[in-house]
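Open the model in your viewer and keep the selection panel at hand. The stops below go from one whole chain to its helices, then to the other chain and the contact.

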Amino acid sequence: MTDPAIRTGDLRKRYGDVQALDGLDLTVDHGEFFGLLGPNGAGKTTFINTLVGLVHKDSGTAEVFGFDVEDDYREVRDRIGLAPQEFNVDRFFPIIEVLEHKAGYHGIGSEEARRRAEDALKTVGIWEKRDTRFDWLSGGMKRRFVLARALVSNPDLLILDEPTAGVDVQLRHDLWDIINRMNDEGTTILLTTHYIEEAERLCDRVAIMDSGRKVEVAAPDELMARGTDTIDIGLADPPRTAPRLDVEGVTEVAIIDDGLSVTAAGGSQTAPALMRALEQQGHTVTSLDIRRASLEEVFVDLTRDDREYAEVSA
Amino acid sequence: MNKNTVQFATLVRREILRFVRRPYNTFLPPIITNTLYFSVFGVILGSRIGEIAGVSYLQFVLPGLVVLGAISDSFENASFTIFHGRWNDYIQAVLTSPMSNRSMVTAYVSASALRGIVTSLLIVGVGLVFTSVPLANPLYLVAFLLVITTLFGGLGVVGGLWASDFDYLTVMNQFILRPLVFFGAVFYSLNVLPPLWRNVSLLNPMVYMVNGVRYGMIGVTEIDPNTSLAVLTGVTVIVLAIDFLLFKRGYGLAE
């Protein structure tokens, strides 16, 4: 497959006064583990639903493995497994039958559908609940089941919309293991999450969305490198006022108990020049602690900047 | 089986299992209701009415009750399954699958038509307890039942897509379908009506359905069955085309 798993161009969708997707351009490569971050209302779920046909775009293009999501909807949907954020499971049947039905809707014959349903339930660890209806599962089991349903058609693109929302740590790690295994086997993963740590830990690249637009796309490490690090410097003779430090990258210098707290882009690269500048001013450095910007801080900065830009533009 | 057939068969099977596994909600009510109809209208009142069109009153009302049950249940099945799936969002499992829109519609309508036909057979079964059931023109009977249940399965799909609350389903079934059937010459012959009301009744599509099924069962009709069958088939094709279009446009299904 040479086409990207997902490619959108100037994708737009409006609900009344709300522009849910505002010219979204995004490419997710085949086999990639791709994260989609953004505040509530950023357009993440609208974007996902556009891919699977639950939302009709107003304009722009959206393709999955080179197939148009509207003109070639059957090819697109055959390749996607979706675990949505909201539970949307058939309550009339035991969960194993729900999985068999889902497999059947993908054209998988009854014997194979049964085998896949059993495998999927075993994979997510709720095999013993196979004859139970969805409503009678615990919250964590419901999350596991929704993932099983997404897996049963053996998709090329697995879309997970907040898969670990509200689940305990153990289950979160279990789900991560399953998803990682799928990705290792070649499945492209599109993950939306509010847990920044999740994106940082799992994703090859993340896109930060806000107000229906893509704000940034990069590897988590790259994004973090763009953030502002904090360098705490212990000094033998702490000054009363913050010294002037003409060092590239430094954005702020503040006095702390036993020294200085310096805010700088690329803390590791800035620290040597910073120490030299302080020693030239007659200070003796006694300790140095660099705290890297977290993806969460970068996310907050980027989405705040985007909102400020939007307000100024308006 | 090829992929398309498996997809279609899976959805039909799911729909059939849904109503077969809940007989207290699906099949018992028409059995009880029609037992009451036969007891009151057929045995108690019918014995005082005597013959209509050369058959007993019980035999005369039986085809109308079959139509009433068939259209109510085929409509209710399609409208409920679509609306309930929308209400709880689980219809999305079908919508996000690679099934074609036509295949989805055909599956929902086929299963609903089947339920209407099963209900018809149950009503005939209840009728057999009270009277003999002649089969004057069985091919017409089968043809009319197929067309009627398909038509109302198709209308049920529209209703299920249109409804935004459970009240809508009640309104459609109780306030639109039932009055039309009751004024559709189920319990009386059109010939007993004054000319004005007879002509007004001819605007009611149920009259043609009841007369068609009556022709199939007891060989008596007040309207040409071939014309009725042709018109009903035409209307069914139009309704199915509307269903396909609504699914394609995502009416009530996609944003």
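How many helices and strands make up the secondary structure of chain B? Select chain B and colour by secondary structure: there are eleven helices and two strands. Keep in mind that this is a predicted model.

**Chain B as a whole**

Follow chain B along its sequence, and the elements come in the pattern α-α-α-β-β-α-α-α-α-α-α-α-α. Next, turn the chain to look along its principal axes; the C-alpha trace spans about 60 × 40 × 35 Å. The radius of gyration of chain B is 19 Å, which agrees with the value near 18 Å for a compact globule of 255 residues.

**Helices α4 and α7 of chain B**

Select residues 57-87 of chain B, which form helix α4, and residues 138-162 of chain B, which form helix α7. Their axes come within 7 Å and cross at roughly 35 degrees. The crossing of α4(B) with α7(B) is right-handed. Colour the residues of this contact by class to find 14 nonpolar, nine polar and one charged.

**Helices α4 and α6 of chain B**

Keep α4(B) selected and add helix α6, residues 101-130 of chain B. Here the axes come within 8 Å, and the crossing angle is roughly 150 degrees. Are α4(B) and α6(B) roughly parallel or antiparallel to each other? Angles over 145 degrees count as roughly antiparallel, and α4(B) and α6(B) are therefore roughly antiparallel. This crossing, too, is right-handed: α4(B) with α6(B). The contact of these two helices has 16 nonpolar, nine polar and two charged residues.

**The hairpin in chain A**

Move to chain A and select strand β1, residues 6-15, with strand β2, residues 18-28. The two strands of chain A pair in the antiparallel sense over eight bridges. To look at one bridge, select R7(A), whose partner in β2(A) is T27(A). β1(A) and β2(A) form a hairpin with two residues between them. In the turn, G16(A) has a positive phi of about 60 degrees.

**Where the chains touch**

Finally, show both chains and select the contact: 23 residues come from chain B and 23 residues from chain A. On the side of chain B, the elements that give two or more residues are α1 (3-20) and α5 (92-95). Which of the elements gives the largest share of that side? The answer is α1(B), with seven residues. By class, the side of chain B that touches chain A divides into ten nonpolar, eight polar and five charged residues.

How values were computed:
Residues numbered from 1 in each chain as written. Chains lettered and ligands numbered in written order. Predicted model: local features only at pLDDT ≥ 70, side-chain atom pairs only at ≥ 80, totals over all residues. Contact = placed C-beta atoms within 7 Å. Helix = DSSP H or I, 4+ residues; strand = E, 2+ residues; numbered from the N terminus. Nonpolar A, V, L, I, M, F, W, Y, C, P; charged D, E, K, R; others polar. Pairing = 2+ DSSP bridges. Axes fitted to C-alpha atoms, helices over the stretch in contact; angles between N-to-C directions. Left-handed = near helix turned anticlockwise from the far one by under 90°. Parallel < 35°, antiparallel > 145°, perpendicular 65-115°, else oblique. Rg over C-alpha atoms; globule rule 2.2 N^0.38 Å.
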